[in-house]
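Work through the exercises below with the sequence and the model open. Each task is followed by its solution in steps.

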Amino acid sequence: MTKLLSMLFALALVAAACSGGDDGTTADTTATTAEEEESGPATTVAATTTTVAEAADGPVAGGTLVYGIEADSANPWAHYRVSCAIACHMILRSVTDPLFYPLEEVGAVGPHLIESWEANEDNTVHTWQVRDGVQFHDGTPLDAAAVAFNLNACRFSSLTGPALSGIADIQADGQTLTITTSSPWAPLVANFGGSTCSYMFSPAWLASLPDIPFRTEGAPFFSEEIAATPADGDPAAPVGTGAFVFESYTPGNGNSFVAVKNENYWRGPNGVTGESLPYLDKVEYVVAVDIASRSSALESGQFDIIHTSNADEIKTFQDDGEFPMITASDFGATSYILLNVAAGENPTLAFLQGLDAPVPMDPNGLNDGNPLVHLSCRRALAHATDSQRVADERGAGIVEVANGPFPPGSIGYLEDTGYPQFDIAAAQAEFETCKADAGTDVIQFTYNTTNDPFNVETNQLIASMWADAFGDEIQVTITPVEQGQYIGLALTGTFQAQGWRNHSGIDPDNQFLWWFSGTSSPVGSLALNFGRFQDPVIDENLVLQRSVGDLETRRAAAEAINRSFGENVWNIWNTWTLWGVPFSPNVQNVVGATTPEGDITKPVIGGAHYMSEIWCLNGDCQG
Amino acid sequence: MSAVEMSESGGPMVPQVVDPIELIDDGNASSNDGYQGNQKGFFFWAAIAWLIFIVICVLAADWIPGLPGPEERIADRDIREGPSAAHWFGLNNRGHDVFARSIHGARISMGVALVATIGGIVIGGTIGVLAGFYRRGIDATLTALINIMLAVPGLVLALTLVGFFAPSGGFEDQRFLFFDVAPTTNATIWATIALSILAAPSIARVARAQTLVWSDREFVLASRTIGTRNMRIIFRDLLPNVLPAMVSFALIGIAVLVVVQATLAFFGVGDVTATTWGGDINIGRDRLDSEPHMVLGPSLFMFLTVLSLNYLADKFTQFNSVREAGV
Amino acid sequence: MNQRREQAGAIGALAAVAVLLLSWLLGVNGIIAFTLAFAAIVIGSAITSGTYVFKRLAALIPTLFLVTIFVFFLQTQRVSSQDVAIRVLGPGATPEAVEQFIDRNDLAEPFFSRYLDWVSGALVGDLGTSFINNTSVTDQVAQALPISLQLMLYSQLIAIAVSVPAGVYAAYRANQRADGVISTSALGLLSVPNFVLALFLVYVLGPGWLDVLPATRYTYWGEDVWGHIKQMIMPSLALGLGLSAAYMRLLRADMVVTLQESFITTAKAKGVSPRKVLWSHALRPSLFTLLTVFAVNSAGLIGGALIVEIIFIIPGMGNLIGTAIVGFDFLVLQGAVVVLAVGFVLLNFLVDLLYTALDPRIRNVRS
């Protein structure tokens, strides 16, 4: 049962990666290109030596794929109002399409709904060509106006807006979309390669939803025309451009979301690209919160494919070898310990809000007693944490120890970030400084964890390492928190240390909001920079990587960010999240998605992958 | 009708409680049908021995020589190692001795159930005796209260109550009434209170039914006639007669609450950092097919304890009805 | 005359059961089915015992009122509206988004006005809309309830199928070895919590070991009858086995007493075969007790299925409630609890009617 809780945990934390306009993770896949030297938490298709041979005949149409998903993800599936976790991403990927596909090549996106794009010299005016001949399921054509409508809905939404606040204006003309940004924004397209706001929905459907921002009276973007139309759209019945058309949805664990083949798919026989997608007749996503139950359902043939980030379960599937499985951690989220460093004042925030006096970060002194505001204490804890043991014991030995927010294969990954290595002697030396800095003999703080037993055990293990290193001089109180309250504590800064998972993304630009000092609000008010750190190096390089298009410059900026995280220990890094997608041997081409032009994509994003090119042997997924 | 009561509080344990109450209500059913007659057989002493062992675990687990602590990592052993001579139930996810944890787990698993049962008897007994004794308006009001509690599914009520009361971490003042306590302790206290509230209505029904019967007896009526004060009648005439039924009930109640406590731990409610049987079952559950020993150990302890309590409650009911029949 | 009135009561009760059974077989909306069943019971019992039923009915109204207000209070007051908003909006929540959410869902309104809003909707069958999935609570309950009722029914069938033969045999062999074995195993079975039983059933019968039954995922009766049966075996066993032990013990205790009564001795003396004495003379009075407990337990089972439903991925009331509690989705929880409370009350009515209609002793006491 606590799995129920753990799914909500997962939902919450993965959602962190998505709601801010950043994207889920991408995982690498296929052994096609050599990502090897980038080093690899190797994405493997530990597949199917037996079945691949049979697949030589090529794709066959037909079949119903039953997908066991880990959470009843957020309906509504309208980008502007959803925190999208993996289950939600899987559903979006069947009923609609993103503007761009992230490519295999690091830092590149390929065309999808947007056919071509260019920017002016200083990266402030972006001109995108919307693919011609694409239709939404309700028959509305996809033109620049439709894309503009979608982007504006996201921009003006209070939930997804902050990530897109750099956009000053959007103009549509036929199939040409012109986006003007208020400052240079070179990696703009990287924010539309699989983030929730990169998915397009029919403007007619969006306009019929009751809470679309354009219906907000008094707002500058208020539209009288839309407000006059009835708000009778069904938010649970998304209308997109995707390979599958929504058929039914019933909320709740054990219930399902069903979508059937889109006969008019733009990449299909009646489409514009000369392809014949999709192959499947029907996809059915069944919510199965409990991982043990989900696996048994796959094993006993109830499900044809499932996803999980539970390393033990992945290991079991690996060892059994009965089911082909994709495992991937590239571009994945990082598990880490969020530390509340709120102290002093925040001049950036004052500047952004137009205030004369700097904003005090901890106006009520709630974080006063937190020793973690001292660098020495953070370093001491980092030195005392044996992340390899965490990976071995809690991650089945298959997850990889993290040294920063960028896993191998991402822009900004470094083999050595300067983050403190596991070293008891160094830890004890730092600890002396820490005690002096904190002015106490016993370092005390509370360490929040969700009440999921797996997470509790992991955090107990970490706390026991600290106790091993510092004995009685450290007193860590592990506090399990109800899942529903957990995110709230991070947002409002009412914590001292807290287990967390976040920062998946295809590009460092996706992380802008989470790390910028301008989003580091005082304790008590909502801040996206949960740890409330202010790092001039990170600020400067976030701005730099956004303003230039040159990949090498951007990479250097991201590496500088990574190093600054290492030196300042804003977070205590644990491991990079590993996803496993085991499936029935009959299921083919789970990860072989390409762009219409034939470019190979990064088909797996945070465990989510594309659905349109999957097919089943003999059109039968159950076998 | 009395079968309803504990079944509600018991939530998933519905069945366990059905019959002993039936037996209590009309004692004749069990007066002459013991499986082994009324003599104290092997099982009786085995049950007593097991419960004594559990009581020792509750009181003295920390001082049992050679027993590893619940959070003590067994050095030089692999985590999740199977049972061995040194570690009878094997090791768990973090390399802790499962047998030792099962022994240490008795403290909270049993402690919470025991305290909650006593709490339930105090709350429920008061409500029931008052309702049964004063009748009329007071009875109607209290019965309505009991009905409300019973109409909400037990587990839902428990989850909600704990969620309502228990702290949610962060910087909130971590207090229980006037005492500074750790948030985890606070969670345990509130879980216990929630369980007491949960057990109260069914106990109240038993107490009310018994009070109704006894207060119509001649000696009570006689006391009333000579003008004895109500409180005195309740304490001197009624309580001694109502209590035996409640004690039988309490034994069942403990058994039920051990399981409910485990169920709550299974839901992550209460203090999930504590060592409890339910919590440990939950921890090992994902690896039931590869390392079943992590679940089997605590399950065995819980099973034997609940079985012993059920068995003794059965026996006690028999003695009690025999005694009553002799009155 | 009198007898006919009592028959009306029994017919009403049976009609209610029939309506409920038919409705899930035919897939009728659960709320409608419940209303019909309720009406059948009320009419039947009104004919049987006149105003007594209406008095009890009237007493129900304040009970339901207080139950709803109690649950509503606990749920809405346990977290702040900001917590609810953040829970739904996720980690990207901005102050504006939180404010809009609170505003849109009237979370800032005072408790009583929110409660009254809810009650006025509930009275016409609108239990509100879930925060999390924006779906009507009435629809969700209507979807989940029949599934839980199925699970409940199957568990009861298993319990009866196991307990009747075992109980009768144990009573027949009272205080002998066979009785000892049966009674002791019943006690043992009673001492296994049903979530532990469920875990071990999955382990043994599921894909992990014997692989004879599908472990999880609910299949609709209409979709695949055989699949439905196969899937429901394990969850029903997990709930039903413990029940069967309880029933068996009751039945045994009851029958041991019955077997000593004079009419049994008379029957034996008349030369009726032991088998017939056992199954027709002795069992009949005991079945009455069993029937009562059967009905009473059904109410508890709905709530008790919480964990079992989650382990076996059955989208019934247990899952609905569990998700709602964790998600702060209190309108869903409220709706589910109210429906269960009404069901509980209904079943109590039913039990009462069965008493009145079937047991001459009680009939006499009443009159």
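**Exercise 1.** Compare the expected span of helix α7 (residues 137-172) of chain C with the distance between its end C-alpha atoms, then locate its bend.

Solution. Step 1: helices (H or I, at least four residues) and strands (E, at least two) are DSSP runs, numbered from the N terminus. Step 2: the expected span is 1.5 Å times one less than the number of residues, so the 36 residues of α7 of chain C should cover 52 Å. Step 3: the end C-alpha atoms lie 51 Å apart, which agrees. Step 4: α7(C) bends by about 25° at C:S163, the bend being the angle between axes fitted to the seven residues ending at a residue and the seven starting there. A proline, C:P165, follows within four residues.

The model is predicted: local features need pLDDT of at least 70, side-chain atom pairs count only at pLDDT 80 or more, and totals for chains, interfaces and linings use all residues. Residues are numbered from 1 along each chain as its sequence is written, while chains are lettered from A and ligands numbered from 1 in the order in which they are written.

**Exercise 2.** Describe how helix α4 (residues 98-134) of chain B packs on helix α9 (residues 230-266) of chain B.

Solution. Step 1: the axes are 8 Å apart, at an angle of about 140°; axes are lines fitted to C-alpha atoms over the stretch in contact, and angles run from 0 to 180 degrees between N-to-C directions. Step 2: the crossing is right-handed, that is, the near helix is turned clockwise from the far one by less than a right angle. Step 3: residues are in contact if their C-beta atoms, placed from the backbone, lie within 7 Å. From α4(B) the contact includes B:G120, B:I121 and B:G125; from α9(B) it includes B:M246, B:A250 and B:G253. Step 4: by class, this contact has 17 nonpolar, six polar and no charged residues. Here Ala, Val, Leu, Ile, Met, Phe, Trp, Tyr, Cys and Pro count as nonpolar, Asp, Glu, Lys and Arg as charged, and the others, Gly among them, as polar.

**Exercise 3.** Characterise the sides of chain A that touch chain B and chain C.

Solution. Step 1: 27 residues of chain A contact 23 residues of chain B. Elements of chain A that each give at least two residues to this side include α1 (2-19), α13 (453-470) and β19 (474-481). The side divides into 13 nonpolar, nine polar and five charged residues. Step 2: the contact with chain C takes 44 residues from chain A and 45 residues from chain C. On that side α1, α7 and α14 of chain A each supply at least two residues, and the classes are 21 nonpolar, 19 polar and four charged. Step 3: the predictor gives the complex an ipTM of 0.83 and a pTM of 0.86.

**Exercise 4.** Where in chain A is the pLDDT below 50?

Solution. Step 1: pLDDT is the predictor's confidence in each residue, from 0 to 100; chain A has a mean of 87, with 91% of its residues at 70 or more. Step 2: the value is below 50 over residues 1-43 of chain A, a stretch with 178 contacts beyond near neighbours in sequence. Step 3: it also stays under 50 over residues 46-55 of chain A, with 13 contacts beyond four places in sequence.

**Exercise 5.** Which peptide bond in chain A is cis?

Solution. Step 1: the cis bond joins A:L277 and A:P278, with omega about -10°. Step 2: A:P278 sits in the loop between β10 (256-261) and β11 (282-287) of chain A.

How values were computed. Contact = placed C-beta atoms within 7 Å.
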